[in-house]
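Dear colleague,

I am passing on the structure below, and after it I set out what was found, with each term explained where it comes up.

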Amino acid sequence: MHESRINNHDRAETLIHALPYIQKYMGKTMVVKYGGNAMINGELKAAVIQDVVLMACVGIRTVLVHGGGPEIEAMLKKTGKESRFVQGLRYTDAETMEIVQMVLAGKVNKDIVSLIQQAGGKALGLCGIDGGLLQGRRYSSGGEDLGLVGEITRINTEVLDTALDRGYVPVVSTVALGTGDDAGQALNVNADTAAAQIAAAMHAEKLVLMTDVRGILRNVDDPDSLIKEISRAELDGLKREGIVSKGMIPKVDCCRTALDGGVNRAHIIDGRVPHTLLIELFTDEGIGTMIKD
Ligand SMILES: Nc1ncnc2c1ncn2[C@@H]1O[C@H](COP(=O)(O)OP(=O)(O)O)[C@@H](O)[C@H]1O
Ligand SMILES: CC(=O)N[C@@H](CCC(=O)OP(=O)(O)O)C(=O)O
């Protein structure tokens, strides 16, 4: 009896602690890129879904952009195909594109929507083709052919606003609709990049990228060297000094794209920790790296 009173007091404290953040973020837009371990492990998955439902419940206009690289990989393997990556992007031929669309828009997207609905939330699954949400063209990097990898040239934010206005969490898979020479062609867009561009187009308060490390580390081999807060101006230095390398470079670039586009804060957080989203958004200390202007 006594113990339960203490627990209840703690619970009330936690809610009160979150109150200023809830007040600050109510009505604001946040774009969350969901991927990595948090999308594969059942317990972590359930925690992310609960976090998203709670965010929407307290009035945060939440857009969930999901990845699915490992799921695409597994399906390609089943069909006997192997992927080649160029600068972290999957070379996408016509057959691979079919599988990317099936896996991302058909399977992963619907699984997430179903989980949100089961958790008492309202979710609307979309890919970039729906309502012309993500329009683009083939991406070419220094003359290197990446097949049907796309770059986004236009975002129809009306699709997202319509869903958000009606209280739905848009769940977005990053298959874009080709325009111009590629009219009607489905294109494969990297999910981090798409999330950053969506955040900018939506004038979001925050872009949150979930990954499988604590955030940006000063020494990649030392999890205790987490950089909790950094300014946009300091990001280039981290790259120059080689502190940020490999998979973290495109993530940092995405955060920069979002901030350049007017997003207030970008966060890189650890998807291996349950409720990492709530901890980052609703506590003073946060849990990952926050990048600000
Ligand atoms: N300074 C750094 N801080 C954290 N991670 C870094 C850093 N430099 C390089 N990395 C690497 O970047 C990886 C994260 O990128 P990546 O594996 O592509 O993420 P994801 O699979 O979540 O998209 C880390 O696992 C780490 O190996
Ligand atoms: C062009 C390109 O590489 N597209 C990605 C799209 C999915 C994605 O980005 O998923 P993750 O966030 O899980 O890596 C791919 O084909 O894997």
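A crossing of two helices is called left-handed if the near helix is turned anticlockwise from the far one by less than a right angle, and right-handed if clockwise. Helices (H or I, at least four residues) and strands (E, at least two) are DSSP runs, numbered from the N terminus. In these terms, H8 passes H9 in a left-handed crossing. The contact, counted where C-beta atoms placed from the backbone lie within 7 Å, involves Arg232, Leu235, Leu238 and Lys239 on H8, and Ile249, Val252, Arg256 and Leu259 on H9.

This is a predicted model, in which local features need pLDDT of at least 70 and side-chain atom pairs count only at pLDDT 80 or more, while totals for chains, interfaces and linings use all residues. Residues are numbered from 1 along each chain as its sequence is written, and chains are lettered from A and ligands numbered from 1 in the order in which they are written.

Turning to ligand 2, 14 residues surround it, a residue being near if its C-beta atom, placed from the backbone, lies within 6 Å, and those that come nearest are Gly35, Gly67, Gly69, Arg90 and Ala191. At least two residues of this shell come from each of helix H4 (69-78), strand S4 (89-90) and helix H7 (191-201).

An unreviewed UniProt entry places the feature "binding site" at Gly68, Gly69, Arg90 and Asn188, although such annotations may be inferred rather than shown by experiment. These positions are spread over 121 residues of sequence, yet they cluster in space, with a largest C-alpha distance of 12.0 Å. Gly68 itself lies in the loop between strand S2 (61-66) and H4.

With best regards

Key: Two residues are in contact if their C-beta atoms, placed from the backbone, lie within 7 Å.
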